[in-house]
Amino acid sequence: MHLDTLQKSRREFFFRSRKLASSDQVIEIGPFSRPTVFAHEAEVYYADYYTTAELHDQATQLNIPVDQVPEVFYVLKSTDLKYQVSENEFDFIIANHVLEHVIDPFRWLKDLEFALKPNGRFLITLPDKRFSFDKFRTDTSLPHFIEDFLEGGDRTISQHSLEAALYYDNGYQKKENDVTQRLQNDFLVRNRHTYHPGMHVHVFQAENFLNSVLIPFLSIGWFNLELDAFELNAELGEFYISLVKKDSPVNLPP
């Protein structure tokens, strides 16, 4: 089993307080060629927006060996994962670099919360915008997440599409950032409707997300999830979150 630096770092954080057992039921969302858990370690199911064949095509284009891409069990292109899984089914739900792509991430978390067993863990990796092409963008705020949760995130997706286009750091691709070009009428109109599954809808900085978004949101009581652990890995440009499902009464979301 070959592990690269990202996989080793995530596994070291994820399984620090709760070791992985061969009897564990695990679902990993969007692993592409870097699964966190392997089939010989637990009963693991992989989920992705794309089919295995489509991911093999993408891997080939990126010169990644297709045998590094695990078989996709749950395809999410036309059906949300919440409709394909059962209540109290999984010990771990793992999502590395997924939440930033989700239009309404806290509703997504809530929808999957029921699939966790009591004391099950939701393990999440997010990119820190300071280390990516998102560094010029504004962090998604707590009020924005709350409004999306209550009203649905589809209403604001054109705003996120515009922001992603306007503030993308071309320096990430060793190109110049031509601001005047981005303020042209055609550019603005065209990029209002450019959302795609690979787009970063929301952006975060580790400490700001922890203290100004995650902890306050969980305190509202709409979740049975509580924060177990949090860690920034600045060297790899990402941060890790462990949420534990508690079997205790909470406020029902509106």
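**View 1. Alanine 47 stands opposite tyrosine 74 of strand β3.** This close-up comes from a predicted model, as do the views that follow. The two residues introduce a pair of neighbouring strands: β2, made up of residues 43-48, runs parallel to β3, and 3 bridges connect them. As a reminder, strands of a sheet pair through backbone hydrogen bonds, in either a parallel or an antiparallel sense.

**View 2. Seven strands make an open, mixed sheet.** Reading across the sheet, the order is β3-β2-β1-β4-β5-β7-β6. Strands β3 (72-75) and β6 (225-233) are found at the edges; each has a single partner strand, so one side of each has no neighbour in the sheet. From one strand to the next, the twist averages 20°.

**View 3. Helix α1 packs on the sheet.** Here you can follow residues 5-14 as the helix touches β4 (90-96), β5 (116-127), β6 and β7 (238-245). The directions of α1 and β7 make an angle of about 35°.

**View 4. Aspartate 139 and lysine 129 form a salt bridge.** Now for the charged side chains, with 20 salt bridges in the structure. In this one, the closest N and O atoms are 2.7 Å apart. Both residues lie in the loop between β5 and α4 (142-151), so their pairing ties together parts that are 10 residues apart in sequence. Lysine 129 is buried, at 9% relative accessible area.

**View 5. Lysine 135 meets aspartate 169 in a salt bridge.** The N to O distance is 3.6 Å. This pair links distant parts of the chain, 34 residues apart: lysine 135 belongs to the loop between β5 and α4, and aspartate 169 to the loop between α5 (157-167) and α6 (179-182). Look at how the partners are placed: lysine 135 is partly exposed, with a relative accessible area of 41%, whereas aspartate 169 is buried, with a value of 8%.

**View 6. Glutamate 163 joins arginine 137 through a salt bridge.** Their closest N and O atoms are 3.3 Å apart. Glutamate 163 sits in helix α5 and arginine 137 in the loop between β5 and α4, so the contact ties together parts that are 26 residues apart in sequence. Glutamate 163 is buried, with a relative accessible area of 16%, and arginine 137 is buried too, with 2%.

**View 7. Arg18, Asp24, Asp91 and Lys117 belong to one network.** The salt bridges here share partners, and that sharing joins the four residues.

How values were computed: Residues are numbered from 1 along each chain as its sequence is written. This is a predicted model: local features need pLDDT of at least 70, side-chain atom pairs count only at pLDDT 80 or more; totals for chains, interfaces and linings use all residues. Side-chain values use heavy atoms; hydrogens and water are left out. Two strands pair if DSSP finds at least two bridges between them. Helices (H or I, at least four residues) and strands (E, at least two) are DSSP runs, numbered from the N terminus. Axes are lines fitted to C-alpha atoms, for helices over the stretch in contact, and angles run from 0 to 180 degrees between N-to-C directions. Contact means heavy atoms within 4.5 Å. Buried means under 20% relative accessible area, exposed over 50%, partly exposed in between (1.4 Å probe, protein chains only).
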